[in-house]
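Student: I would like to go through this model step by step. May I put some questions to you?

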Amino acid sequence: NRPIKISPSILSADFARLGDEVRAIEEAGCDWVHVDVMDGHFVPNITIGPLIVEAIRPVTKLTLDVHLMIAPADPYIEAFAKAGSDIITIHAEAGPHLDRSLQAIKAQGKKAGVSLNPATPVSAIQHVIDKLDLILIMSVNPGFGGQAFIAESLTKVAQAKALAGDRDIDIEVDGGVDPSNAGALAKAGANALVAGSAIYKGNDPATYAARIKAIREA
Ligand code: DX5
Ligand code: ZN
C-alpha cells in the first residue's frame with residue numbers, strides 16, 4: 001500500500017496567525033497543506049482567494065493542495081496556479097465542462113484533481129480518468145469544517161480506487177476524518193487524508209504532532 005499523505009486543512013487554523021499555523025503543521029510532520037477555497041455560491045461559505053495562497057507559498061516547502069469549492073472555476077485557475085498551488089482540485093459539480101477545466105489546470109503545469117460531493121457518483125469521472133492526478137472524495141457536504149463523517153464515503157473510496165486501477169492517481173478524502181475512520185479509509189484505498197478540526201482544534205501547536213501521528217498510525 002502507498003504511504004499515507006496527511007493534509008491538514010488550514011480552514012481550522014487561526015487565521016490571525018496563518019503563517020505560524022502553516023509552519024507549525026509542517027514542523028509537526030504533515031505531508032501536504034490543504035487550502036479550502038469557498039465562494040459563497042457553490043458552497044454556503046466564503047474563505048480565501050489566490051492572495052492567501054501567494055502569502056503562504058513562501059512559508060512552506062510542502063505541496064499546496066488547493067481545493068476549489070467555487071463555480072465557475074475556470075476564470076480562477078490561472079490565478080491559483082500563479083499564486084503557487086501544486087495541486088488544483090475542482091468539483092465535478094461546479095461546471096458543465098469538466099474536461100476543459102482539467103485541461104486548463106494541466107496547461108498551467110499543475111496536478112489536476114476532481115472532487116465529488118457526497119451525492120455525486122464516482123461514474124461522473126469515468127471518462128476523464130486519464131486526465132486526473134487526484135480524486136477527492138468528499139465525506140461531508142462541503143462548506144464548513146467540523147462536520148460529521150458520512151460513512152457511505154467508504155464505498156465511494158473503494159469505487160474510486162477501482163476506477164483508478166494501476167494509474168498513479170492519489171485518492172484523497174476530505175471531511176470529518178479523524179483517527180476513528182482513517183484506518184478504514186486507508187484500507188478502502190485512500191492514500192491522502194485531509195483533516196481540519198482533528199488537527200487544528202484548539203489551535204495549540206503543541207498538540208499538532210501527536211494528532212497527525214494518531215491519524216497516520218490509525
Ligand atoms: C469542507 C472542507 C474540508 C474541511 C475539513 O468543506 O473542504 O477541507 O475543512 O474539515 P474537518 O476535518 O474539520 O471536517
Ligand atoms: Zn477541502
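Student: Which residues does Ser197 touch, not counting residues up to four places away in sequence?
Tutor: The model is a predicted one. Ser197 is found in helix H7. Leaving out residues up to four places away in sequence, Ser197 touches Ser12, Gly145 and Gly146.

Student: Is Ser197 buried, partly exposed or exposed?
Tutor: A residue counts as buried with 20 or more other C-beta atoms within 10 Å, and as exposed with 12 or fewer. Ser197 has 18 such atoms within 10 Å, so Ser197 is partly exposed.

Student: How far apart in space are Ser197 and Ala112, C-alpha to C-alpha?
Tutor: In sequence, Ser197 and Ala112 are 85 residues apart. In space, C-alpha to C-alpha, the separation is 25 Å.

Student: Which residues are closest to ligand 1, and how many surround the ligand?
Tutor: Strand S2 (32-38), strand S8 (192-195) and helix H7 (197-200) each supply at least two residues of the shell. The closest residues are Leu11, Pro142, Gly145, Gly196 and Ser197. The number of residues that surround ligand 1 is 22.

Student: How do the residues of that shell divide into nonpolar, polar and charged?
Tutor: Gly is counted among the polar residues here. On that basis the shell around ligand 1 divides into eight nonpolar, twelve polar and two charged residues.

Student: In what order do the strands form the sheet, and which are the edge strands?
Tutor: Eight strands form an open sheet with parallel pairing, in the order S1-S8-S7-S6-S5-S4-S3-S2. The twist from one strand to the next averages 25°. Pairing on one side only marks the edge strands, S1 (5-8) and S2.

Student: At the S1 edge, what is the bridge partner of Lys5 in S8?
Tutor: S1 and S8 run parallel and are joined by four bridges. Lys5 and Ser7 point one way from S1, Ile6 and Pro8 point the other way, and all are buried. The bridge partner of Lys5 in S8 is Ala192.

Student: On its other side S8 pairs with S7; which residue of S8 stands opposite Asp174?
Tutor: Strand S7 (residues 170-174) pairs with S8 in the parallel sense, over three bridges. Opposite Asp174 stands Val194.

Student: At the S2 edge, which residue of S3 stands opposite His34?
Tutor: S2 and S3 run parallel, joined by seven bridges. Seven of the seven residues of S2 are buried. His34 points one way with Trp32, Asp36 and Met38, while Val33, Val35 and Val37 point the other way. The residue of S3 opposite His34 is Asp65.

Student: Is Leu64 buried or exposed, and what separates its C-alpha atom from that of His34?
Tutor: Leu64 lies in strand S3 (residues 63-69). Leu64 is buried because 23 other C-beta atoms are within 10 Å. Outside its neighbours within four places in sequence, the contacts of Leu64 include Val33, Val35 and Val53. Leu64 and His34 are 30 residues apart along the chain, and their C-alpha atoms are separated by 6.3 Å.

Student: How many residues has the largest nonpolar core, and which have the most contacts inside it?
Tutor: In soluble globular proteins, nonpolar side chains tend to be buried together. Here the largest nonpolar core has 68 residues. Ile135 is in contact with Val114, Ile125 and Ile169, among others, leaving aside neighbours within four places in sequence. The residues with the most contacts inside the core are Ile88, Ile135, Leu185 and Leu193.

Terms used:
Residues are numbered from 1 along each chain as its sequence is written. Chains are lettered from A and ligands numbered from 1 in the order in which they are written. This is a predicted model: local features need pLDDT of at least 70, side-chain atom pairs count only at pLDDT 80 or more; totals for chains, interfaces and linings use all residues. A nonpolar core is a set of buried Ala, Val, Leu, Ile, Met, Phe, Trp, Tyr and Cys residues joined through C-beta atoms within 7 Å. Two residues are in contact if their C-beta atoms, placed from the backbone, lie within 7 Å. A residue is near a molecule or strand if its C-beta atom, placed from the backbone, lies within 6 Å of it. Two strands pair if DSSP finds at least two bridges between them. Axes are lines fitted to C-alpha atoms, for helices over the stretch in contact, and angles run from 0 to 180 degrees between N-to-C directions.
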